[in-house]
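Subject: Structure for your review

Dear colleague,

Please find below the structure that I am handing over to you. I should be grateful if you would read the notes that come after it.

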2 protein chains.
Amino acid sequence: MDYDSGTFSHLPHQPVQASNRPSKIQDVARAAGVSAMTVSRAINHPERLNPETLQRVRDAIASMRYVPNALASGLRLSRARLVAALLPTLVGPVFQELIQSLDHALNQHGYQLMIGRTGYDAAQEADLIRAIIQRRPDGIVMIGMAASEEGRALLQASRIPVVETWDLTDSAIDMLVGFSHSAIGHAVAAHFIANGHRQLGMVSGDDARARVRVAAYAQAAQAAGLPEVTVAYTPAPSTLGGGRRGLAEILAERPEVTAVFCSSDTLALGALVEAQHQGLQVPQQLAVVGLGDQEFAKDTDPPLTTVRLDGTRIGQLAADMIVARTLDQPVDAPRVDIGFSITQRSSG
Amino acid sequence: MDYDSGTFSHLPHQPVQASNRPSKIQDVARAAGVSAMTVSRAINHPERLNPETLQRVRDAIASMRYVPNALASGLRLSRARLVAALLPTLVGPVFQELIQSLDHALNQHGYQLMIGRTGYDAAQEADLIRAIIQRRPDGIVMIGMAASEEGRALLQASRIPVVETWDLTDSAIDMLVGFSHSAIGHAVAAHFIANGHRQLGMVSGDDARARVRVAAYAQAAQAAGLPEVTVAYTPAPSTLGGGRRGLAEILAERPEVTAVFCSSDTLALGALVEAQHQGLQVPQQLAVVGLGDQEFAKDTDPPLTTVRLDGTRIGQLAADMIVARTLDQPVDAPRVDIGFSITQRSSG
DNA sequence: TTGTACGCGTTATCAT
DNA sequence: ATGATAACGCGTACAA
């Protein structure tokens, strides 16, 4: 007979636990009077077990709160059941719709989503990519990021499926789903021109994508014979305050501006606040158009006209691409332009 | 109007690579003419190597783009160098500041942060916790979440250090850093009363924490002999539109209300918009106070008076606690109340 | 239907 | 200073 010299536990409702460490598959096997393999099957192929045995094992798993070790199974299977999303910042709510739908779609297929932040710092980007690759995710989704040369090389060497999103670049690492920022710039300029505006302004972030939009917007105005557009750049990330200051700057420089395109809804909200503050009627004296069609756009005063980007669709497509790849299925369209539309409300 | 420029597809570009699979430590060893152990040491204990050998190995690592497999090392070491953060939503109020600082502090110690979303769905919570525990993180940070019974049991059985944040509950699973929601309710009521208000309203979310704040706020008003406060509940998550509708509801029910406490800055921004829309002067005719002191609070019109919560400090403390635990150091204060303050601006 | 042997890639330990 | 060995926990392949 064995006399355990161990300690006593006075915690209420503490399940019986053999030791101080979390249980592993072998512990469950012992408790259920079966081999480790039978426990493994109870989890992954329950239909192959005798119902009676299955129940015994399940009871043991539940009572011991056994949770399989994904490091071990991932190593064995070379599948981590994990997908990583890399983005510049969580602060801008622009990406949330995308993340949400990506997460949801991946969960349906038994994948978990891991989120990594680069913080707009290109120098740290390669380090983050390295850290992500270490976990051997089954796929990587890059959101609104341009990978550095080193980052691209790492991603390619890793053989991990990569989906770049948000930006419809010409040189995709692997797969791509996004929209054309230059088409957006043109479309908004055309929208203003069609509404009779001739003095255009723009409040914009100062990253590479934003510059593409600005250039297209300015070029469309020029092509229509309009005077040069006035641009105010704001530092990333986009904030309400940035929108206020951007609009104030434009109006100070050129008070005759009657239409302003803001490169995010947050900036546009700031522009609305500033216009209100300066006593300008929107849209009668000043038209404002945003970008993103975020949740709040419909509830501003006046409701915001904005460029709608279907983040949900991007997330869904990115998830589909990665899932197809991991199943070795062909990806019919590895490069997708999801386009955009202009949601017409009252602000411009 | 739609600007979908169509869907393009082309064959994925096949990158140049010697082999068809990512290289492992053995491949690097072969290339550098050393054993696998020497490569491992070059990465983890470079000082123990002959400088000449070290350089050879490093060159091989760089040229092959070798990235260690964290599943294998995590399995071997029982340390995943991973910390998980669980939260209801990314959209949330001050969560972003917290996440940012948590991520930053953990990176300093060589940990990576994994983010999991529950989406306010208590039913899925246990599943997410199970999915997280599977990865054997070195710590788990719960942000603004109340774990279900099953979730708590899983966390305890896992033996993983857990820090609950945001909410200063009485029954912590393990460690805790937060603030008292009931103290906040009292403080804001006292603030309004000190400013001469007697007709108080509140726009609030409808989760458990929010109800605690509401109860404390209402009780403080009652204790001061004020008429009963009018409360409008809005569904999660907090939105600008919810704030507008909440305030409209309160004013419709009791037009004599002169001060409204909103349980997030986003709701407060909506209240400001609605007040403006209804032609109410803030703060002369209606005082508005928010919660969170988010980035935009200082730039609203008028600037928002709000309850400041130091998310950065919470993240820092949570990281410290987890790091101490993984080093088997004692955690001097496993339960911390970081308090709050009222940032006085012009809105109330 | 259930069990045994082996290997996934890495690193601590011990040996040289 | 460097190498050989074993073990981390799990699941496939095969055997019973």
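The notes below cover conventions, the two protein copies and the contacts with DNA.

This is a predicted model, in which local features need pLDDT of at least 70 and side-chain atom pairs count only at pLDDT 80 or more, while totals for chains, interfaces and linings use all residues. Residues are numbered from 1 along each chain as its sequence is written, chains are lettered from A and ligands numbered from 1 in the order in which they are written, and side-chain values use heavy atoms, with hydrogens and water left out.

A turn of 180° with a shift of 0.1 Å along the axis lays chain B on chain A with an RMSD of 0.2 Å (least squares on the C-alpha atoms of residues with pLDDT of at least 70 in both). The two copies are thus related as by a two-fold rotation axis. They meet through the same surface, because 83% of the interface residues of chain B are also interface residues in chain A (contact means heavy atoms within 4.5 Å).

Around DNA strand C there are 23 residues (a heavy atom within 4 Å of the strand); A:Thr38, A:Thr53, A:Arg76, B:Tyr66 and B:Arg76 come nearest. Of the strand's atoms within 4 Å of the protein, 61% belong to sugar or phosphate and the rest to bases.

Three polar contacts (N or O atoms within 3.5 Å) may be noted:
- A:Thr38 places a polar side-chain atom 2.5 Å from a phosphate oxygen of DNA strand C.
- A:Arg41 has a polar side-chain atom 2.7 Å from a base nitrogen of DNA strand C.
- A:Asn50 has a polar backbone atom 3.0 Å from a phosphate oxygen of DNA strand C.

Yours sincerely

How values were computed. A polar contact is a pair of N or O atoms within 3.5 Å; within protein, one must be able to donate a hydrogen and the other to accept it, and residues adjacent in sequence count only if both atoms are side-chain atoms.
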